[in-house]
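Got your viewer open? Load the model, switch to cartoon, and we'll work from the outside in.

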Amino acid sequence: MRFAIKTRPEHTTWERMRDVWVAADEFDVFESAWNWDHFYPLSGDLAGPNLEGWTTLAALAQATRRIRIGCQVTGMIYRHPAVLANMAATVDIISNGRLELGVGAGWNQQECDAYGIPLPPLRERFDRFDEGVEAMIGLLRDPVTNFNGKYVTLTDARCEPKPVQRPHPPITIGGRGPRRTLGAVARWAQEWNVIVPTADEWRPLKDTLLTRCAEVGRDPAEITCSVNVRIDGDVPVEQAIEGALGQIAEFTEAGVDLIVLNLPLDTTPEILRPLAEAVRPLA
């Protein structure tokens, strides 16, 4: 099993989040660290603070040296895909080739309503997502990209400088939609992330992914399958880790490749050592 951490940038400070990532960088059992792409908190006081994902990610790229970094996952509705491609290339350069490019179709109605960002109906949203991913790959990979979609148009478009990772940073697609999301994973992703509470809910989704891969001729072994496991911040650390280990065992048996450990809200670096010691024998 492989392991990562995720910190929620809600109800916290930049300094505390930075300190956790810098500390995680010292534990090689954690291969990657993730934040999220929201503008409002998703828990507690929804009027509270929430750090923006990509500007934070660029700063964390500079603050760390080893651990891979990513946003789980970027809402395609928030930024034009050409803008996002340029952002991704720059962060990959800043991190010296450590970016994991996490993307999803987007879903948060509250944020869209507050900021006047259109949230299209589900079918259109995924049409836009498919075009956006394809356009980004072209921009990150090719010297010049032309794309004539229904929603995205690129004309002799450039994205320079190119990212360190070639042909592009690994793409993580998040979600569980059986046709559109998993179809996109089969076509483009190097990692699939889904948040489900049990391995029993994950297994049929993996079976569906195998079907989507067969439909497009993709080897599913090329796709890392990751799930998130929450570290409960409302109980003592030892109890929270023990509970997480039970979930990890179930997901391991089911065939998951990577566990993303969702750290408690506004966590501190002190949690990392006991967590690393607990999961290291499983790595």
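Before we start: a contact here means heavy atoms within 4.5 Å. Keep in mind, too, that this is a predicted model.

**Whole chain.** Colour by secondary structure and you should find nine helices and eleven strands. The radius of gyration is 18 Å, close to the 19 Å that the globule rule gives for 283 residues, so the chain is as compact as a globular protein of that length. Line up the principal axes and the C-alpha trace spans about 55 × 40 × 35 Å.

**Surface.** Now turn on the accessible surface, which comes to about 12,300 Å², with 52% of that belonging to carbon and sulfur atoms. Next, select the charged side chains: 29 are positive and 39 negative, and the centres of the two sets lie 5 Å apart.

**Going inside.** Hide the surface. Buried residues make up 52% of the 283 in the chain. For contacts between residues at least 6 apart in sequence, 73% join residues at least 24 apart.

**The core.** Select Phe 30, Trp 192, Trp 202, Leu 261 and Leu 272 as sticks. Of the 78 residues in the largest nonpolar core, these five touch the most other members. Which helix gives the most to this core? Pick residues 122–141: that's helix α5, and eight of its residues belong to the core.

**Last stop: Leu 261.** Centre on it and show its contacts. Leaving out residues up to four places away in sequence, Leu 261 touches Phe 3, Ala 4, Ile 5 and Lys 6, along with Phe 30, Val 229, Ile 231, Ile 248, Leu 275 and Val 279.

Note on methods:
Residues numbered from 1 in each chain as written. Predicted model: local features only at pLDDT ≥ 70, side-chain atom pairs only at ≥ 80, totals over all residues. Heavy atoms only, no water. Helix = DSSP H or I, 4+ residues; strand = E, 2+ residues; numbered from the N terminus. Rg over C-alpha atoms; globule rule 2.2 N^0.38 Å. Buried < 20%, exposed > 50% of the residue type's maximum accessible area, 1.4 Å probe, protein only. Areas by Shrake-Rupley, 256 points an atom, 1.4 Å probe, with all protein chains shown as cover. Lys, Arg positive; Asp, Glu negative; His and termini not counted. Charge placed at Lys NZ, Arg CZ, Asp CG, Glu CD. Core = buried A, V, L, I, M, F, W, Y, C linked by side-chain atoms within 4.5 Å.
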